[in-house]
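Notebook open, model loaded. I want to see how the sheets are put together and what packs on them.

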Amino acid sequence: MREVNELLRYDYREMLYNSTFCLVPRGRRLGSFRFLEALQAACVPVMLSNGWELPFSEIIDWNTAAVIGDERLLLQIPSTVRSIHQDRILSLRQQTQLLWEAYFNSVEKIVLTTLEIIQDRVLEHTSRSSLMWNSLPGGLFTLPQYSTHLGDFPFFYAKLGIKSYPRFTAIIHVVTPLVSLSQPVMKLLVAVAKSQYCAQVIVLWNCDKSAPAKHRWPTTSVPFIVIEGESKVISSRFLPYDAIPTDAVLSLDEDTVLSTTEVDFAFTVWQSFPERIVGYPARSHFWDSSKERWGYTSKWTNDYSMVLTGAAIYHKYYHYLYTTYLPASLRTMVDQMSNCEDILMNFLVSSVTKLPPIKVTQKKQYKETMMGQSSRASRWADPDHFAQRQTCMNKFANWFGTMPLVHSQMRLDPVLFKDQVSILRKKYREIERL
C-alpha cells in the first residue's frame, strides 16, 4: 500500500516532459509504446531492447535522435548518458521533435511515410536522399516528383552553402477588365519590370473577358507574357507554371501599390530567408476562447503570423506543394469562395518550415486603403468576405491537425538600418524618405 501511495505522488506525463533521457526497455515484445511517448515529449529515448529494428530505420538515422544501449549492460547506462555533452543533448532532443512531427504524430503520417518509403524502393532512381529524410522539413515535404536534387529546395540552401538565382519572376493576378492605361495594374507592371532583379513578368489573366492585345500593355525591358488562368479559379495563381524560370516568385494582386525600390528591398530580404514568405501586408490569428475557435484579424498590432500573397515573395517550390500536397477539397473550397488562398499558402509554408513569415515595411505614405476601386478592393469591406476568412482558418487548422501559424514581431525596415554614410549613398533612399 505504501508503494502505491508513493507512486501516486508522481505524475507520469509531467515526469516524461521534464526528463532529458527516457529508458525504453522491451515490453512483452521487442517494441514498446514508451518509445513514441518519449519522442513526443522531446525526451531522448535510451533504447534497451537488443535486436529491435526501430521504425523506418531504412530511412531514419536513429543515432541522431536516440541512445542505443545494450540491455545486457544496464548498469553502464547512467555513466553513458552523463558523458553526453550538452550540445549533443540539445541536438538529440531537437531531432526527436523533427522526427515526431514529420513521421509519427498521426496515423495518417505513419501510413503516408510507409507508402513513400515503398515508392522510393520501387522508383530507386528518383528516391530521396538520407539528408532529405533526416533534415527539416522531412521527406514528406521534399517530393521527388519535383526534384531529387537538394539544391532545388529552399530548405537546404544553408546546408549546401548555396544561394538562389539572383532574379525573380513576378506573377500579377488580374481579375478585372483592362479599360484604361491608368489602372493600378499598369503602374504596378511598369514598377516591377524596372526592378534590377526582375527576370520576367507574368500576367495571370483570371478575368472573364478576353485579355487585351499585346500592344495595349506597357513596353517593358524584361520578358512579359500573359497566361490565361486555368478555369479562372483563384488557386490557379499558385500553379507550378513551366514559364517560371527563377527560384523566387513575386506574387502580386492587380491593385497592389509598390514602387520599384520597395520590390528591390523585399527581394533582397528574401534572399536571406529563401524558405519563408517575405512581403508587405501582414495579418494575424488568435484563439477566440468565447467561441472556442480560431480567429482572423487585420488590425495593426505588434505581431503578425501571415504575410498575404498580394505582395509577397516566396520560393516557386511552394506552388508545387500547394498544387500536389494539399487535398483537392481545400483547393476546391478556396476556389468556390474565391477567397482564402493566401491564408492557405501561409498555413502550408509555416507547416513546412515551423517558422513565421517575414514582414518588410513600406514607405510611410503607404496605406492599404490606397487600393483602387476594383472588385477585389470592394471585397475587403464586405463582412461576408471577412467571415469566410474566419471559417477558412478553422477548416485549415482542422485538416493540418494543429495551428501551424507562428507569431512574430520582426519587421525589416531600411529606415532602422542607418549606416554611417551620406544619404546619397544609401541603397533604398526612396523608402527611407518620410
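Before counting anything, I fixed my rule: two strands pair if DSSP finds at least two bridges between them. I'm also keeping in mind that this is a predicted model.

Entry one, the parallel sheet. I looked up strand 1 and strand 2 (residues 44-48) and found five bridges between them, in the parallel sense. They pass my rule because it asks for at least two bridges. Within that pair, I noted Cys-22 opposite Pro-45 in strand 2. The whole sheet is open, with three strands in the order 1-2-3 and parallel pairing. Its edges are strand 1 (21-25) and strand 3 (67-68), each pairing on one side only.

Entry two, helix 5. What packs on this sheet? I found helix 5 (residues 86-104) touching strand 1 and strand 2, with its direction at about 90° to that of strand 2. I checked its length too: 19 residues at 1.5 Å each should span 27 Å, and the end C-alpha atoms sit 26 Å apart, so that agrees. Its buried residues include Ile-89, Leu-92, Trp-100 and Phe-104. Among the elements covering the buried residues of helix 5 are strand 1, strand 2, helix 3 (34-40) and helix 6 (107-122).

Entry three, the antiparallel sheet. This one is open as well, three strands in the order 10-9-11. Strand 10 (293-297) and strand 11 (306-307) are the edges. I got five bridges between strand 9 (residues 282-288) and strand 10, and Ser-284 stands opposite Thr-297 in strand 10. Lying across strand 9, strand 10 and strand 11 I found helix 15 (residues 383-400), at about 135° to strand 10.

Terms used
Residues numbered from 1 in each chain as written. Predicted model: local features only at pLDDT ≥ 70, side-chain atom pairs only at ≥ 80, totals over all residues. Heavy atoms only, no water. Helix = DSSP H or I, 4+ residues; strand = E, 2+ residues; numbered from the N terminus. Contact = heavy atoms within 4.5 Å. Axes fitted to C-alpha atoms, helices over the stretch in contact; angles between N-to-C directions. Expected span 1.5 Å × (residues − 1). Buried < 20%, exposed > 50% of the residue type's maximum accessible area, 1.4 Å probe, protein only.
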